[in-house]
Amino acid sequence: MLLRLARNTYNLLAMRHYSSLLVVIILIVAIIAPVTGRTPHKQFGKIKVRVVDVNNARIVRAHVLVLGQNLELREVTNVDGEAEILVPPGDFWLSIEAEGFRRFDTQKFQIKSGKTERFNIKMQIKAPEMLVPAVSDPNLISND
């Protein structure tokens, strides 16, 4: 049976087969997609970091650097002073910097597939730097 609309001719019998095939393809994709979508996350591990000061106040926007073999990931802590990073299994180092605080570095640690390594970091306040005023006009210096 042929259907003619404007200048196009459609075979209604063929359209039924194509629409059935399309439904089958959509069902297969819908069934397979959730399975394949979950698989890669099991191949990764997580690093969870919580950064606070000596008074346990959260440090927002601390810079978190994760270093691994051929891998360098950067993250910034959120309003809760926390950051979460997905990484492949392997050996890593963690470095955290925040304005007004001394940099914090970990020793090498290992992440395994599907596991989470948690770090509760207490940052130490950076010692104030001694500032010496610079004067370029010798007449401004008083010798009392």
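**Notebook: surface, fold and the β4 pairings**

I started with the surface: the chain exposes about 11,600 Å², and carbon and sulfur atoms supply 56% of that area. Note to self: this is a predicted model.

Next I looked up burial. Of the 144 residues of the chain, 20% count as buried, where buried means under 20% relative accessible area.

Then contacts. I took those in the chain with a separation of 6 or more, and residues 24 or more positions apart account for 50% of them.

On to secondary structure. I get one helix and ten strands in the chain. Where does the helix fall in the pattern along the sequence? Reading along, I have β-β-α-β-β-β-β-β-β-β-β, so to speak a helix after two strands.

I picked β4 and asked which strands pair with it. One partner is β5: β4 covers residues 63-68, β5 covers residues 71-76, and the two run antiparallel, joined by six bridges. I checked one position here, and leucine 65 of the β4 stretch has arginine 74 in β5 as its bridge partner.

The turn of this hairpin was worth a look. Two residues sit between β4 and β5, and asparagine 70 takes a positive phi near 55°.

The other pairing I looked up for β4 is with β7, residues 90-97. That one is antiparallel too, over six bridges. Which residue in β7 is the bridge partner of histidine 63? I find glutamate 97.

To sum up my β4 page: β4 pairs with β5 through six bridges and with β7 through six bridges, antiparallel in each case.

Conventions:
Residues are numbered from 1 along each chain as its sequence is written. This is a predicted model: local features need pLDDT of at least 70, side-chain atom pairs count only at pLDDT 80 or more; totals for chains, interfaces and linings use all residues. Side-chain values use heavy atoms; hydrogens and water are left out. Two strands pair if DSSP finds at least two bridges between them. Helices (H or I, at least four residues) and strands (E, at least two) are DSSP runs, numbered from the N terminus. Buried means under 20% relative accessible area, exposed over 50%, partly exposed in between (1.4 Å probe, protein chains only). Contact means heavy atoms within 4.5 Å. Accessible areas come from the Shrake-Rupley method with a 1.4 Å probe; for residues, only the protein chains shown count as cover.
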